[in-house]
Amino acid sequence: MSTNQKKILIAEDDKDYSKILDFYVSKNFSYDIKIAEDGEKVIEFLKNEKFDLILLDLIMSKVDGFQILDYIKDNNIETKVIILSNLSQ
């Protein structure tokens, strides 16, 4: 991995959907991709690494996406976030 390579965190607890996202992003872009299968893992990644983009599911186990957004804000983490969710009205 080059030092200038962008890093993406896929925060998605649906394993099939996270695989689809990983496949699509890695096929179309040259990014270092990490996958977190629950909110606790997302927080662990954020404590140890800087990400250029987070693809964030709002409804996850252990720690949900709303809590992760609060964590990002409270810790002044500079990253872009794209919300992924199948929440309906």
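Trainee: Where is the place of Asn 76?

Mentor: This is a predicted model, in which local features need pLDDT of at least 70, side-chain atom pairs count only at pLDDT 80 or more, and totals for chains, interfaces and linings use all residues. Residues are numbered from 1 along each chain as its sequence is written, and side-chain values use heavy atoms, leaving out hydrogens and water. Helices (H or I, at least four residues) and strands (E, at least two) are DSSP runs, numbered from the N terminus. With elements named that way, Asn 76 sits in the loop between helix 3 and strand 4.

Trainee: Is Asn 76 buried or exposed?

Mentor: Buried means under 20% relative accessible area, exposed over 50%, and partly exposed in between (1.4 Å probe, protein chains only). Asn 76 has a relative accessible area of 65%, so the class is exposed.

Trainee: What is the phi of Lys 62, a residue other than glycine?

Mentor: Lys 62 belongs to the loop between strand 3 and helix 3. At 58% relative accessibility, Lys 62 counts as exposed. Its phi is positive, and the value is near 70°.

Trainee: How many residues of strand 1 are buried?

Mentor: Strand 1 covers residues 7-11 and is mostly covered. Lys 7, Leu 9 and Ala 11 point one way, Ile 8 and Ile 10 point the other way, and all are buried. The count for the strand is therefore, under the cut-off of under 20% relative accessible area, five of five.

Trainee: How many bridges join strand 1 to strand 2?

Mentor: Two strands pair if DSSP finds at least two bridges between them. Strand 2 spans residues 32-36 and runs parallel to strand 1. Leu 9 stands opposite Lys 34 of strand 2. The number of bridges is five.

Trainee: Which helix does the chain cross through from strand 1 to strand 2?

Mentor: A crossover is right-handed if, with the strands pointing away from the viewer, the path from the first strand over the helix to the second runs clockwise. This β-α-β crossover is right-handed, and the chain passes through residues 15-28, which form helix 1.

Trainee: In strand 3, which residue is the bridge partner of Ile 10?

Mentor: Strand 3 (residues 53-57) runs parallel to strand 1 and is joined to it by four bridges. Ile 8 has Leu 53 as its bridge partner. For Ile 10, the partner is Leu 55.

Trainee: Why is strand 3 largely enclosed by the rest of the structure?

Mentor: Leu 53, Leu 55 and Asp 57 point one way from strand 3, and Ile 54 and Leu 56 the other way. Strand 3 is largely enclosed because its buried residues number five of five.

Trainee: Which residue of strand 4 does Asp 57 stand opposite?

Mentor: Strand 3 and strand 4 run parallel and are joined by five bridges. Together with helix 3, they make a right-handed β-α-β unit. Opposite Asp 57 stands Leu 84.

Trainee: How many residues has the largest nonpolar core?

Mentor: A nonpolar core is a set of buried Ala, Val, Leu, Ile, Met, Phe, Trp, Tyr and Cys residues joined through side-chain atoms within 4.5 Å. Those with the most contacts inside the largest core are Leu 9, Val 42, Leu 46, Ile 54 and Ile 68. Strand 1, helix 2 (39-48), strand 3 and helix 3 (65-74) each supply at least two residues of this core. Its number of residues is 15.

Trainee: Why are the buried residues on the same side of helix 2?

Mentor: In helix 2, Gly 39, Val 42, Ile 43, Phe 45 and Leu 46 are buried. The arc is that of the directions from the helix axis to the C-beta atoms. The face turned away from the buried side carries the exposed residues Lys 47 and Asn 48. The buried residues are on the same side because they cover an arc of only 160°.

Trainee: What is the distance at which the side chain of Gln 5 reaches the backbone oxygen of Ser 30?

Mentor: Gln 5 is in the segment before strand 1. A polar contact is a pair of N or O atoms within 3.5 Å; within protein, one must be able to donate a hydrogen and the other to accept it, and residues adjacent in sequence count only if both atoms are side-chain atoms. For Gln 5 and Ser 30, the distance is 3.3 Å.
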